[in-house]
Amino acid sequence: MRIPGLLVALALPSLAAAQEGTWALTNARIETVARGVIERGTIVIRDGLIEAVGPDVRPPADARIVDLAGKHVFPGLIDLTSTLGLPSAPAGGGQGGQQAGAAQGSATPVRNVGLEPGRVIADELRPSASDIRTARDVGITTVLVAPSRGAFRGLSALVPLREESATRYIVKSPVALHMGFEGAQGSGFGGRYPATLLGVIAYERQSFYDARHHAALQERHRAGARGAVRPSYDADLDALVPVVRGAVPAFFSANRENEIRRAVRIGDEFDLKLVIVGATEGFRAIDALKRAEGVVVSLDFPRSTAVTGWSYRSTQRHALDDSAATDSAVRRLLESNAATLHAAGVRFALASGGARPGEFLANVRKAIAAGLPRDVALQALTVRAADVAGVGTQLGSIEAGKIANLVVAERDILGDSANVRMVFVDGIRHEVIAPPASERRRGGGAGARGGEREDAGEMARVAGTWDLTVTSAQGDNQATMTVTQSGATLDGTMATELGTVQVTDGRVTGQRVTFTITVPISGQTTAIVFRGTVDGGRMTGTADLGAMGSATFTGERRP
């Protein structure tokens, strides 16, 4: 497609201003988190940073002014439990401890997935634009990425949710060494070492003892002591040395009460800068959590059957309706976990625990309904999360000098009808495109039958290859798009002068269709949102170029 040519003509002179540049967000209700609420104020953004914020701030002469009267501005949310952009685990990965290196009879190195303290996550990130947009559209602007399983999972990276973040704009790496109580990938209990809980704990403790010894050898060698043994190079031991010295935190995944207490004992034994991640049964281990350096509470609430004590209870005699009653009681305990920890004086951040972005925010509301103060919840998603990640001076609140990660919403971002309108990441504005109202109502109205009929009538068939013509004041530009359709969802690709781009956020509502492409230009990206109507093999509509205007388009499906 030749849309990039059109955009170059329209946008290159003003792209920096349209995407980054200087912004003045005026007349907004600003929740700074750190310095209270400004009922009607202005935020000035320059070069990706907050230059000024306050009720009496005057927009600079060179700023693009956005009037946000009646809208709310919040710091961008931070999720400290993400796997966004991680590649799929290598097949057959993991041969157990002490077997790193080449497989027998092969020169190909075999990774011990789950036993890799030296794994640098920043080197592996390949997030998709669709996944980034899904999280960003609910107000998440930064994620801490690390694998979700393993004893030694690797060194995490703090990633801003902008399309180029995988290679250029990581906020911090490493943030921490991530750990858990699972062994090598594919080992399982009864498999390769370490394959049991006892084996995993022994492996972790021995690794820390080895790291202490390795650190001592390094110090002696650097000191130039005569006869000092030169330590061998070992990437995994080298990664553990700053952990046992307290320079790099250990983020230990521990949800159940016994896991929390085991992790704290390991932290105490080796004097680690320990952060407990998960803590879904934190209400049972408050004394242990108070001994940790930090706590990240997961809001991915486990099933009642996974909670400590359920198995024992199920073996006891109980009334016919006791199972449902107990399930409800356990659910209330889990949802009130954060409120209980707050009441006990435990300071924590909140995180998704791997839940989908929309579900994550829904679970925040459940925690608030269960007694967690709303302001504490917002702090736990912003400034406290930034502090835990070691970037409290850069992120987490709306203050001059901090990174301009902001969320603009119609109402409270933690309410059930926030309606996020735009998100700034590193000072770059991203518009949030809401799904059509009929799609949001799918399944709930009398006109929806089996998910295939909607308010607008029979669902259009959009799958195939389309020749598009995009028309603007600069003339016509030809386009080709190939999409597949699954129900109301579209996926596909579009060829451009700058290469092939993904078609994302594709939705079909009756005869109406919307889809988005993200085009890189001059080191920046811009989203083009198409909205059209399908009539058999013909498509017509508009292409929204954001700050650069709009165009019309027509399409003909190839036979």
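Me: Where does Gly401 sit in this predicted model?

Reply: Look in the loop between α13 (383–388) and β17 (406–409).

Me: And why does Gly401 count as partly exposed?

Reply: Its relative accessibility is 49%. Buried would need under 20% and exposed over 50%, so a value in between gets the label partly exposed. By that rule, Gly401 counts as partly exposed.

Me: What does Gly401 touch, leaving out residues up to four places away in sequence?

Reply: Leu49 and Ile50. A touch here means heavy atoms within 4.5 Å. As for Gly48, Gly401 is 353 residues from it in sequence, while their C-alpha atoms are 9.7 Å apart in space.

Me: Staying with β17, what makes you say that both faces of it are covered?

Reply: Check the residues side by side. Leu406 and Val408 point to one side, Val407 and Ala409 to the other, and all of them are buried. Buried means under 20% relative accessible area, so that cut-off is met on both faces.

Me: How do you know that β17 pairs with β5 and with β18?

Reply: Count the bridges. A pair needs at least two of them. Four join β5 (residues 72–75) to β17, and four join β17 to β18 (residues 420–425). Both numbers clear the cut-off, so both count as pairs. β5 and β17 run antiparallel, and β17 and β18 do too. If you want residues to click on, His72 has Ala409 as its bridge partner, and Val407 stands opposite Val423.

Me: Why is helix α12 said to be largely enclosed by the rest of the structure?

Reply: Helix α12 (residues 374–381) has eight residues and six of them are buried, so it earns that description. The buried ones are Arg374, Val376, Ala377, Leu378, Ala380 and Leu381.

Me: On to rings. Why is the pair of Phe208 and Phe270 called tilted?

Reply: The structure holds nine aromatic pairs. In this one the centres are 5.2 Å apart, with 45° between the planes. Centres within 6.5 Å make a pair; 45° is neither under 30 nor over 60 degrees, so the label is tilted. Phe208 sits in helix α4 (residues 197–223) and Phe270 in the loop between α6 (257–269) and β14 (274–278), 62 residues apart. Both Phe208 and Phe270 are buried.

Me: Then what makes Phe515 and Phe530 a stacked pair?

Reply: Their centres are 4.8 Å apart and the planes meet at 15°, so the pair is stacked. The cut-off for that label is planes under 30 degrees apart. Phe515 belongs to strand β26 (residues 512–521) and Phe530 to strand β27 (residues 524–535), so the pair ties together parts 15 residues apart in sequence.

Me: Are those two rings buried or exposed?

Reply: Buried. Phe515 has a relative accessible area of 1%, and Phe530 comes in at 0%. The limit for buried is under 20%.

Me: How do you know that the charged end of Arg384 sits over the ring of Phe348?

Reply: It lies 5.7 Å from the ring centre. The distance limit is within 6 Å, and CZ must also be within 35 degrees of the ring normal. Arg162 does something similar, lying over the face of Tyr169 at 3.5 Å from the ring centre.

Me: What makes β10 and β16 edge strands?

Reply: The open sheet runs β10-β12-β13-β14-β15-β16, with mixed pairing. β10 (152–155) and β16 (349–351) each have a single partner strand, so one side of each is left without a neighbour in the sheet. Neighbouring strands there are turned by 20° against each other on average, direction ignored.

Me: Last one: which stretches have pLDDT under 50?

Reply: Residues 8–18 are one such stretch, and residues 90–106 are another. For the protein the mean pLDDT is 83, and 80% of its residues reach 70 or more.

How values were computed: Residues are numbered from 1 along each chain as its sequence is written. This is a predicted model: local features need pLDDT of at least 70, side-chain atom pairs count only at pLDDT 80 or more; totals for chains, interfaces and linings use all residues. Side-chain values use heavy atoms; hydrogens and water are left out. Rings of Phe, Tyr and Trp (its six-membered ring) pair if their centres lie within 6.5 Å; planes under 30 degrees apart count as stacked, over 60 as edge-to-face and the rest as tilted. Helices (H or I, at least four residues) and strands (E, at least two) are DSSP runs, numbered from the N terminus. Buried means under 20% relative accessible area, exposed over 50%, partly exposed in between (1.4 Å probe, protein chains only). pLDDT is the predictor's confidence in each residue, from 0 to 100. Two strands pair if DSSP finds at least two bridges between them. Axes are lines fitted to C-alpha atoms, for helices over the stretch in contact, and angles run from 0 to 180 degrees between N-to-C directions.
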